[in-house]
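Me: Could you take a close look at one part of this structure for me? I'd like to know what one serine sits in and what surrounds it, and then how that part fits with the rest of the chain.

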Amino acid sequence: MEKIHYVKIYVAPSINAEAKRVTYLKEYDLNGNLISSKNYDEDGNITYSQEFVFDDNDKIIKESISDFEQDYNETKEYKYDSATGKLIEEMIDYGEAGFSVLKYERKDNILFITQFDEDGEIEETTEICFDTNGNILSKIVRDDMENITEKFVNKFDDDGKLILKEEYDLNNKLEKCHYYFYTPSGKISALKVTNSRDQIIDWVKIEFDENENPISQSMMSGEKILLEYPEPNVVIEKYINSAGIELSQKKIIRDEKGNTLEEHSLDEIKFYEYIFY
């Protein structure tokens, strides 16, 4: 099986496809790990980059981020337990802004993450509870004053599919409920969001054709995304606003393996080039 080494994405005006330029470059290692990602401006200068380093077990050990437009750099380094292979420490270096250290500890089915600043003071604590299948049952984040800044609780069906996510506010009171619905084959078909009074505040519905290809996504706002399949490996995606007016249309062309080759919109064309090992 061919393995992707590079993916180059070019962009060109719709009226002049020959005037294409590189806008994005991704590089993968032989194991399929993304090791480099770069964005380019119109002059060919790198505007944003990410670099990833993996060990022999395909565990990420270093990540570097450079945002040249915002003049921002960040480096993350990861350490693992030699016996279990579990992540035990993450250090985030913000350059002149200092650094943070995250310590990971596990007890039974609970993961405890403590974030320290460069002076060793606690910035944040996180408690994540898992079920026996590794699904996240709950997550609670507290600041340095022990105040809850994030909390949610998940519920799953017998097949391990997420069916309910409960979000709590800063006072630890139920704020929102996200209900997930699926087709008989297990594809997500709808999402309903209610507030603490069980009133619907948002919903999304997805419809499929006889081949289980998604053909429409309808939203509570009245907006829609329509998908058409005029020929094999071609998808036409239309965005319709709440007034029923088509605002945009995109044609996506893929190869037999499902890799995107071209994206055509009103103003521009994107070309995808795959270079293999």
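Reply: Let's start with S189, which is in strand β15, the run from 188 to 195. Keep in mind that this is a predicted model. S189 counts as buried, because its relative accessibility is 15% and the cut-off for buried is under 20%. As for its company, leaving out residues up to four places away in sequence, S189 touches F181, Y182 and T183, along with V204, K205, I206 and F208.

Some of those contacts belong to the next strand along. β16 covers residues 200-208, and it pairs with β15 in the antiparallel sense over 5 bridges. If you want a spot to find that pairing on screen, look for K192, which stands opposite W203 in β16. The two strands make a hairpin with 4 residues between them, and in the turn D198 has a positive phi of about 65°.

Keep going and you get another hairpin. β16 also pairs with β17 (residues 214-219), again antiparallel and over 5 bridges. Here I206, one of the residues touching S189, stands opposite Q217. There are 5 residues between β16 and β17, and the turn residue with a positive phi, about 65°, is E212.

W203 is worth a second look, since there's a surface feature here. Together with I200 and M220, W203 forms a nonpolar patch on the surface, and the three share about 270 Å² of accessible area. M220 sits in the loop between β17 and β18, the latter being 224-228. M220 has a relative accessible area of 38%, so it counts as partly exposed.

Now go back the other way from S189. F181 and Y182, two of its contacts, lie in β14, which spans residues 174-182 and is joined to β13 by 5 antiparallel bridges. K165 is the residue opposite H178 in that pair. β13 and β14 form a hairpin too, with 5 residues between them, and N172 in the turn has a positive phi of about 65°.

One strand further back, β12 (residues 148-156) runs antiparallel to β13 (residues 162-168), with 6 bridges joining them. K155 has L164 as its bridge partner there. This hairpin also has 5 residues between its strands, and G160 takes a positive phi near 85°.

G160 turns up again in the surroundings of N135. With neighbours within four places in sequence set aside, N135 is in contact with C129, F130, F156 and G160. You'll find N135 in the loop between β10 (122-130) and β11 (136-143). Its relative accessible area is 18%, so N135 is buried despite being in a loop. The C-alpha atoms of N135 and F156 are 8.4 Å apart, with their positions 21 residues apart along the chain.

Then there are the nonpolar cores. The largest one has 8 residues: Y78, L87, I92, L102, Y104, L111, I113 and I128. Two or more of these come from each of β7 (87-93), β8 (99-107) and β9 (110-117). A second core, separate from that one, has 5 residues, including I9, Y28, Y272 and Y274. Y78, from the largest core, also has charged company: outside four places in sequence, its contacts include K62, E63, E89 and E90, with I60, I61 and L87 as well.

For a link between far-apart stretches of sequence, try A17. A17 lies in the loop between β1 (4-13) and β2 (21-28), and its 30% relative accessibility makes it partly exposed. A17 and F271 are 254 residues apart along the chain, yet 9.4 Å separates their C-alpha atoms. Beyond four places in sequence, A17 is in contact with A12, I269 and F271.

Stepping back to the whole chain, you have 22 strands and 0 helices. The C-alpha atoms fill a box of roughly 55 × 50 × 40 Å along the principal axes. Of the 277 residues, 30% are buried, S189 among them. Among contacts with a separation of 6 or more, 11% are between residues 24 or more positions apart. The chain exposes about 17700 Å², and carbon and sulfur atoms supply 47% of that.

Terms used:
Residues numbered from 1 in each chain as written. Predicted model: local features only at pLDDT ≥ 70, side-chain atom pairs only at ≥ 80, totals over all residues. Heavy atoms only, no water. Buried < 20%, exposed > 50% of the residue type's maximum accessible area, 1.4 Å probe, protein only. Contact = heavy atoms within 4.5 Å. Pairing = 2+ DSSP bridges. Patch = residues over 30% accessible without salt bridge, like charges linked within 9 Å, V, L, I, M, F, W, Y side chains within 5 Å. Areas by Shrake-Rupley, 256 points an atom, 1.4 Å probe, with all protein chains shown as cover. Salt bridge = Lys/Arg side-chain N within 4 Å of Asp/Glu carboxyl O. Core = buried A, V, L, I, M, F, W, Y, C linked by side-chain atoms within 4.5 Å.
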